[in-house]
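This briefing sets out the main features of the structure shown below, grouped by topic.

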Amino acid sequence: MMDMRNRNPSSSLGHKSTQKSKPALGLDVQSVLNIQQNPMVLIDEHYRIIAANRAYQEAYGMQADEVLGRCCHEISHHSPVPCHMRGEDCPHQAVFTTGEAHEVRHIHYDHQNHAEHVRIRGHAIKDQDGNTYLGEEIIRLPHQDDEITCGEMRMVGRSPAFLKCLHHIEMSARTDASILLYGESGVGKELAASALHQFSARAAGAFITVDCASLPETLFESEILGHERGAFTGCLGRKRGLYEMADGGTLFLDEVGELPLSMQAKLLRVLETGTFRRLGGAETLQANVRIIAATNRNLLEMAGQRQFREDLYYRLAAITIDLPPLRERREDIPGIASVLLERIGKSWGGQWSLSKEAEKRLFAYDFPGNVRELRNILQKAAALADGPVIQASHLDFELPQPKAVSHLSVSDEVNDSVIRPTALRNGGQPDDLDGLLRQYRGNRRRVAEILGVSERTVYRWLRRGS
Ligand SMILES: Nc1ncnc2c1ncn2[C@@H]1O[C@H](COP(=O)(O)OP(=O)(O)OP(=O)(O)O)[C@@H](O)[C@H]1O
């Protein structure tokens with residue numbers, strides 16, 4: 001039987017006096033911890049480990065006397081500073097500040113410096129003197145959980161901001177609440193929605209995407225609710241709508257902020273009742289659908305300007321999740337770049353990697369168009385590279401200074417040398433839409449204004465090109 005007081009007298013449970021230092025109920029802490037199959041540790045307010053079970057010692061390849069008295073961050077993060085000082089969501093900080101249990105997703109390093117994804121549940125534990133300790137259970141995630149695989153796509157990242165977002169996605173997926181994903185264009189909202197569906201109890205059901213930006217107002221009802229035969233001129237047969245097709249699964253409303261007010265009212269009616277009628281139909285139908293919506297607009301601000309219904313906002317946003325832009329998680333750039341190059345290699349039949357200098361240049365760039373822009377830059381670079389290694393010179397991402405453009409119209413633009421590459425193609429789409437977006441730091445509204453088209457049109461062009 002191990003006596004914690006002998007191992008680390010200053011930090012054992014009930015350490016205030018020898019008389020009182022006996023653990024509650026006289027239990028041997030070590031044997032209680034050893035019952036746990038997952039790694040478990042007790043940590044004091046100074047981050048020092050005062051007890052660790054056998055599974056913890058095995059996970060980090062250390063003997064008990066090598067672990068006790070050491071700081072938790074030294075062992076699991078190989079870091080001299082606590083994880084919240086490196087931007088991570090730290091259970092220690094949360095539990096000692098709030099006294100509440102806290103769960104996070106982290107990357108831990110074993111004694112051979114191998115990284116592994118873990119879920120940590122931290123709880124406050126009191127001794128008989130009222131001192132608080134952090135009890136941490138560490139759940140090691142299976143290898144395939146290192147990344148989120150959505151069909152062919154993988155959601156890659158290991159930055160604190162990304163792990164926090166991934167944790168929110170996993171936790172929210174357990175509920176059936178509606179979720180609103182916020183994030184700049186190209187940040188991975190659709191991928192996140194698909195991950196939410198996959199983690200949820202509805203994973204076996206359908207995942208149906210509605211592109212709200214490109215859905216014409218006239219087709220809204222027939223597309224979302226379906227129609228009966230002969231419902232309108234030229235309508236030959238019965239068709240189930242997207243809402244009905246998502247029964248038992250998830251309906252993803254992409255770019256929900258682009259929905260005109262009239263469509264918002266129709267959508268709200270369906271979401272509130274869960275019932276609907278196909279166009280031209282008399283029967284009231286029902287579907288059990290989980291709603292995930294995404295936007296890059298501030299919907300509450302839009303609600304204040306009467307451009308978005310407040311009641312619809314609250315129906316969509318039971319839970320909101322922010323997806324951080326790539327420039328706020330730069331350490332993810334090399335990992336994502338390598339996955340994107342793998343994807344490009346597979347579809348083009350080749351293999352590309354980045355030179356050190358190219359990696360450095362990517363790391364320094366701001367990516368107003370986020371992961372989609374990174375993908376476009378890499379595609380272009382792979383096409384330009386004369387071998388398997390992409391050099392810095394192949395990366396075309398000069399971010400030109402935005403010009404003062406508030407007064408520009410389409411005709412002004414034709415005479416403007418900076419914007420000339422965007423000369424309009426058939427159908428109004430500029431030749432270098434990506435370049436124009438880069439020029440205006442991904443601001444689709446500004447680009448739409450310059451081209452004299454609606455933001456929905458710019459969005460539709462982008463989708464067509466991706
Ligand atoms: N973490 C990631 N790891 C790997 N690929 C990613 C990641 N995030 C996004 N991508 C890729 O970036 C591209 C853009 O992602 P996605 O379409 O999900 O962005 P979005 O936020 O929905 O964009 P938009 O607002 O324009 O609709 C896709 O090809 C997607 O697979």
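**Ligand shell and overall organisation**

Strand 7 (153-155), helix 8 (189-199), helix 14 (333-348) and helix 16 (370-384) each contribute at least two residues to the shell around the ligand. The model is predicted. Its protein chain contains 20 helices and 18 strands, and 38% of its 466 residues count as buried.

**Surroundings of the ligand**

- The ligand is surrounded by 20 residues, of which Val156, Gly188, Lys189, Glu190 and Val371 are the closest.
- By character, the shell around the ligand comprises eight nonpolar, six polar and six charged residues.
- Domain 2 (148-322) and domain 3 (326-394) each provide at least three residues of this shell.

**Helix 8**

- Helix 8 is largely enclosed by the rest of the structure, because eight of its 11 residues are buried.
- The buried residues of helix 8 are Lys189, Glu190, Ala192, Ala193, Ser194, Ala195, Leu196 and His197.
- Two of these buried residues, Lys189 and Glu190, are also among the residues closest to the ligand.

**Nonpolar cores and contacts**

- The largest nonpolar core has 76 residues, and Leu181, Leu251, Ala337 and Leu374 touch the most other members.
- Helix 7 (residues 160-173) supplies the largest share of this core, with seven residues.
- A second core, separate from the largest, consists of 20 residues, including Ile50, Leu68, Tyr133 and Leu134.
- When neighbours within four places in sequence are set aside, alanine 337 is in contact with Leu354, Leu362, Leu374 and Leu378.
- Among contacts in the protein chain with a separation of 6 or more, 63% are between residues 24 or more positions apart.

**Lysine 346**

- Lysine 346 is located in helix 14, one of the elements that supply at least two residues of the ligand shell.
- Lysine 346 is exposed because 11 other C-beta atoms lie within 10 Å, where 12 or fewer is the criterion for exposure.
- Along the chain, lysine 346 and threonine 284 are 62 residues apart, and their C-alpha atoms are separated by 47 Å.

**Residues with positive phi**

- Most residues other than glycine have a negative phi.
- Arginine 306 has a phi near 60°, a positive value in a residue other than glycine.
- The loop between helix 12 (299-304) and helix 13 (310-316) holds arginine 306.
- Arginine 306 counts as exposed because it has 9 C-beta neighbours inside 10 Å.
- Phenylalanine 367 has a phi near 50°, likewise a positive value in a residue other than glycine.
- Phenylalanine 367 lies in the loop between helix 15 (356-364) and helix 16.
- Phenylalanine 367 is buried, because 24 other C-beta atoms lie within 10 Å and the criterion for burial is 20 or more.
- The two positive-phi residues thus have opposite settings: arginine 306 is exposed, whereas phenylalanine 367 is buried.

**Annotated region**

- An unreviewed UniProt entry carries the annotation "domain: PAS" for residues 29-70.
- Residues 29-70 are 38% helix and 19% strand, and the C-alpha atoms at the ends of this stretch are 18 Å apart.

Key: Residues numbered from 1 in each chain as written. Predicted model: local features only at pLDDT ≥ 70, side-chain atom pairs only at ≥ 80, totals over all residues. Core = buried A, V, L, I, M, F, W, Y, C linked by C-beta atoms within 7 Å. Helix = DSSP H or I, 4+ residues; strand = E, 2+ residues; numbered from the N terminus. Contact = placed C-beta atoms within 7 Å. Near = placed C-beta within 6 Å. Nonpolar A, V, L, I, M, F, W, Y, C, P; charged D, E, K, R; others polar. Domains from an automatic or database assignment. UniProt positions renumbered as here; feature names shortened; annotations may be inferred.
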